[in-house]
Amino acid sequence: MVIEVTERQLQAGTLGNKQFDKSFQRFHDIGLDVVLDDVDSGGHSFTFVDHHSDIISGIKLSLLDFDPISSDTTIKFIDAWASFAKEKHLDLVVEAIRNKEIAQKFAGNKHIFQQGYYWQQGVKLEDLPTVYGFKK
């Protein structure tokens with residue numbers, strides 16, 4: 001079973017950090033997998049994710065703030081998080097995928113899961129192999 005932590009209330013100081021440590025450890029101890037949402041744009045900074053990487057099972061990277069950023073830069077950003085996730089043995093979900101270039105770049109990568117607006121578009125059955133990069 002997975003519990004997704006979408007946002008955390010920022011708490012100052014060591015006491016606040018210790019409370020998160022204890023909570024995440026309790027989730028882990030009772031068999032829940034913890035996934036942190038919005039690691040790039042919410043309250044889950046790289047430092048926070050790295051600190052908890054031994055007791056979480058995955059991270060969700062949101063591309064919502066990347067609309068004005070080029071696809072090339074966005075892909076490099078995803079690649080960096082993917083390398084980190086692989087090194088720490090974490091699942092990586094990239095959410096808010098909105099264009100074909102990014103969707104196809106990571107299609108078939110067994111270490112990166114995708115969700116987003118691009119995947120919700122209707123596609124004709126005969127176009128599936130071309131659109132999603134599947135072999136015919």
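In this predicted model, V5 is placed in strand β1, which covers residues 2-5. The residue counts as buried because its relative accessibility is 13%, and the cut-off for burial is under 20%. Leaving aside residues up to four places away in sequence, V5 touches F24, V34, V35, L36, D37 and H44. One of these contacts, H44, is 39 residues from V5 in sequence, while the C-alpha atoms of the two residues are 9.4 Å apart in space.

Strand β1 belongs to an open sheet of 5 strands, arranged in the order β1-β2-β3-β4-β5 with parallel pairing. Because β1 and β5 (112-114) each have a single partner strand, they stand at the edges of the sheet, and one side of each is left without a neighbour there. On average, and with direction ignored, neighbouring strands of this sheet are turned by 25° against each other. As a general matter, strands of a sheet pair through backbone hydrogen bonds, in either a parallel or an antiparallel manner.

Within the sheet, β3 and β4 pair in the parallel sense over 5 bridges. S62 stands opposite E95 in β4. Helix α3 packs on the sheet and touches β3, β4 and β5; the direction of α3 makes about 175° with that of β3.

The discussion now turns to charged side chains. The structure holds 4 salt bridges. One of them joins K88 and D50, with the closest N and O atoms 3.3 Å apart. This pair links distant parts of the chain, since K88 lies in the loop between α3 (71-87) and β4 (91-95), whereas D50 lies in helix α2 (residues 46-51), 38 residues apart. K88 is partly exposed, its relative accessible area being 29%, and D50 also counts as partly exposed, at 31% relative accessibility.

Another salt bridge connects K60 with E95, where the closest N and O atoms are 3.5 Å apart. K60 lies in strand β3 (residues 58-62) and E95 in strand β4, so the pair ties together parts that are 35 residues apart in sequence. Both K60 and E95 are buried. E95 thus appears in two roles: it stands opposite S62, and its side chain takes part in the salt bridge with K60.

A further salt bridge brings together the side chains of D72 and K76, at 3.2 Å from N to O. Here both residues lie in helix α3, 4 residues apart, which is about one turn of the helix. D72 is partly exposed, with a relative accessible area of 45%, whereas K76 is exposed, with 54%. These two labels differ because exposed requires over 50% relative accessible area.

Aromatic side chains provide another set of links. A search of the whole structure finds 6 aromatic pairs. A pair of aromatic rings is described by the distance of the centres and the angle of the planes. For F46 and W81, the ring centres are 5.8 Å apart and the planes stand at 65°, so the pair is edge-to-face, the threshold for that label being over 60 degrees. F46 lies in helix α2 and W81 in helix α3, so this pair ties together parts that are 35 residues apart in sequence. The two partners differ in accessibility: F46 is partly exposed, with a relative accessible area of 43%, whereas W81 is buried, with 9%.

W81 also forms an aromatic pair with F84, again edge-to-face, with 5.8 Å from centre to centre and 90° between the planes. W81 and F84 are separated by about one helical turn, because they are 3 residues apart in helix α3. F84 counts as buried, at 10% relative accessibility. Elsewhere, ring pairs link F24, F27 and F48 into a cluster. Of these residues, F24 has already been named among the contacts of V5.

Helix α3 therefore recurs in several parts of this account: the helix packs on the sheet, holds both D72 and K76, and contains W81, whose ring pairs with that of F46 in helix α2, so that parts 35 residues apart in sequence are tied together.

Terms used
Residues numbered from 1 in each chain as written. Predicted model: local features only at pLDDT ≥ 70, side-chain atom pairs only at ≥ 80, totals over all residues. Heavy atoms only, no water. Buried < 20%, exposed > 50% of the residue type's maximum accessible area, 1.4 Å probe, protein only. Contact = heavy atoms within 4.5 Å. Pairing = 2+ DSSP bridges. Axes fitted to C-alpha atoms, helices over the stretch in contact; angles between N-to-C directions. Phe/Tyr/Trp six-rings, centres within 6.5 Å; stacked < 30°, edge-to-face > 60°.
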